[in-house]
Amino acid sequence: MPMRKILSFSRLLITFLVLWLSASWFTPRIFAHTEALQTEPAAGAVLWLAPREVSVTFDQPILAGSNLRLFGEGFKEIWLAPYIDEQDPRRLHSILYPRITPGKYTLQWIIIAEDGHVLTGFTTFHVRLDDDWLIALAFCGLVALLLPAKQLWKKRTPWNQSPAEPTQS
Amino acid sequence: MIPTLFRFQPRILYFYVLLLVSLSACTPSTQAPLALQAVVPVSDLVVGKNRLPILLYDGETLLREVSAVQIQVVNLQVQSVQAVGSAVNAVNYSDYAVPYWRADVELPSVGYWGVQASVQLMDGRSASAEFVVEAKASVTMPTVGTVAIASDSPTADNPTDLARITSAYPPDPALYQISIRDALASGKPTVISFATPAYCQTSYCAPVVESLSAIAKAFANKVNVIHVEVYRDYAKQEKSAVMLEWGLSTEPWTFVVDGQGTVVESLQGPLSERELREILERLV
């Protein structure tokens, strides 16, 4: 390929790249409505144990005054103290204390976006077991582990062994 | 010692089987539940009848295979939760870019009201969710039954002027032929929509202007259709004078006004061509 052709091709490529980069730099990539990107627990999640925290991450930073509300069945509202993450101003979260009981929950967000728009949305999740179940499971597991150990202890310790039957001659 | 500890023992196996059976008996059905997520893109609800648009998702995926959505308003201001009126069947508008459901709910007084949404899918799965909405004592924008504001909204008929007054690209000249003031004086029904096609990039608000264009074509000479741009200067976040005059701080908003200049529908959020057509067919 002649050198002149290669040079003109590279020039064309560079021009195209410069134009493309400047276009993508100057195009306004601003969204007038904020959308939820991720919720924790995830939408429709079925959790064995109650979560310690609920959170929603949006595609844009949100403003103070944004709120999270959590409802159990029959509109039983669970107390939340939502706050915007200092490290990530797109994330609104709250700890869950005390832990919630098994059942279906709706997590609702009412947020104020940077452009002042108010938007609400909700997601649902289920919790299967509560802390009492966790304790019961731990206890059962411990018993299951100790049972064979006890049998072993019975089998191996000489003072537990019954004396050998006297043989009749 | 260790191999003996973990040796197969029928009694331990029996114990674990018993534990698993009792656990599964206590858990809900094994069918995967619907990962219901929803967006309710309205913020200004008032005492009385309100249009509640709902967008449904299964996780992050838009839910299209929905057979029915029922909405029930409940009173949270009493000791035990009470249903207000009967459940409402929401209407599906799948002709919009993002299919949505419209429910007309009655909020009896100022304050927070519970909303129970029951969703039935075509594959037989179902899900429900509870959320709250706030009925405000008053809002800044015109409501149903009030007189529309006769604003001097900008008009244009050549590409240069059109580019100055709308962010729609390409703009539909049919939406900028008459000002709100002249439209209200014409005695014909009028549709006035406040939206920003270029800056509202989510799929549930930008296509409102497309619905307007389709309606302007279908109801030519019978209905005035006007689009008002939200921003005067987007970089400075300065809203247009007409937006401020109408008391709007959010968008998109669409108002349907009858021939006498009274607001008959105040629609916030997504608006499909079919929904708008159904409203106008009652007026013309």
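# Exercises on a two-chain model

In chain A, Ala36 sits opposite A:Phe58, a residue of β3(A). Keep that pair in view as you start, and bear in mind that this is a predicted model.

**Exercise 1. Work out which strand A:Ala36 belongs to, and what A:Ala36 touches.**

Step one: find the strand. A:Ala36 is part of β1 in chain A.

Step two: look at the strand across from it. β3 of chain A covers residues 53-58, and four bridges tie it to β1(A), with the two running antiparallel.

Step three: list the contacts. Leaving out residues up to four places away in sequence, A:Ala36 touches A:Val56, A:Thr57, A:Phe58, A:Trp109 and, over in chain B, B:Gln37.

Step four: take one of these contacts and compare sequence with space. A:Val56 is 20 residues from A:Ala36 in sequence, while their C-alpha atoms are 6.6 Å apart.

Step five: check the accessibility. A:Ala36 has 24% relative accessibility. Buried would need under 20% and exposed over 50%, so A:Ala36 counts as partly exposed.

**Exercise 2. Put the strands of the open sheet in chain A in order, and find which strands stand at the edges.**

Step one: recall how sheets hold together. Strands pair through backbone hydrogen bonds, in parallel or antiparallel fashion.

Step two: read off the order. The open sheet has four strands, arranged β1-β3-β7-β6 in chain A, with antiparallel pairing.

Step three: go to the ends. β1 (36-40) and β6 (83-84) of chain A each have a single partner strand, so one side of each has no neighbour in the sheet. These two are the edge strands.

**Exercise 3. Find where the cis peptide bonds at A:Pro41 and A:Pro98 lie.**

Step one: recall the background. Most peptide bonds are trans.

Step two: take A:Pro41. The bond leading from A:Glu40 into A:Pro41 is cis, and its omega is near 0°. A:Pro41 itself is in the loop that runs between β1 and β2 (46-49) of chain A.

Step three: take A:Pro98. A:Tyr97 and A:Pro98 are joined by a cis peptide bond with omega about 0°. Look for A:Pro98 in the loop between β7 (91-95) and β8 (103-112) of chain A.

**Exercise 4. A:Phe75 and B:Asn221 have positive phi values. Decide whether each one is buried or exposed.**

Step one: recall the background. Most residues other than glycine have a negative phi.

Step two: place A:Phe75. Its phi is near 60°, and A:Phe75 lies in the loop between β4 (67-71) and β5 (77-78) of chain A. Its relative accessibility is 8%, so A:Phe75 counts as buried.

Step three: place B:Asn221. Its phi is about 70°, and its loop links α5 (208-218) and β12 (224-229) of chain B. With 70% relative accessibility, B:Asn221 counts as exposed.

**Exercise 5. Name the residues of the nonpolar surface patch in chain A, and place A:Leu49.**

Step one: name the members. A:Trp48, A:Leu49 and A:Leu134 make up the patch, which is about 270 Å².

Step two: zoom in on A:Leu49. A:Leu49 is in strand β2 of chain A, and a relative accessible area of 31% makes it partly exposed.

**Exercise 6. Sum up chain B in a few figures.**

Step one: count the elements. Chain B has seven helices and 16 strands.

Step two: turn to burial and surface. Of its 284 residues, 50% are buried. Chain B exposes about 13400 Å², with carbon and sulfur atoms supplying 54% of that area.

Terms used
Residues numbered from 1 in each chain as written. Chains lettered and ligands numbered in written order. Predicted model: local features only at pLDDT ≥ 70, side-chain atom pairs only at ≥ 80, totals over all residues. Heavy atoms only, no water. Pairing = 2+ DSSP bridges. Buried < 20%, exposed > 50% of the residue type's maximum accessible area, 1.4 Å probe, protein only. Areas by Shrake-Rupley, 256 points an atom, 1.4 Å probe, with all protein chains shown as cover. Patch = residues over 30% accessible without salt bridge, like charges linked within 9 Å, V, L, I, M, F, W, Y side chains within 5 Å. Salt bridge = Lys/Arg side-chain N within 4 Å of Asp/Glu carboxyl O. Contact = heavy atoms within 4.5 Å.
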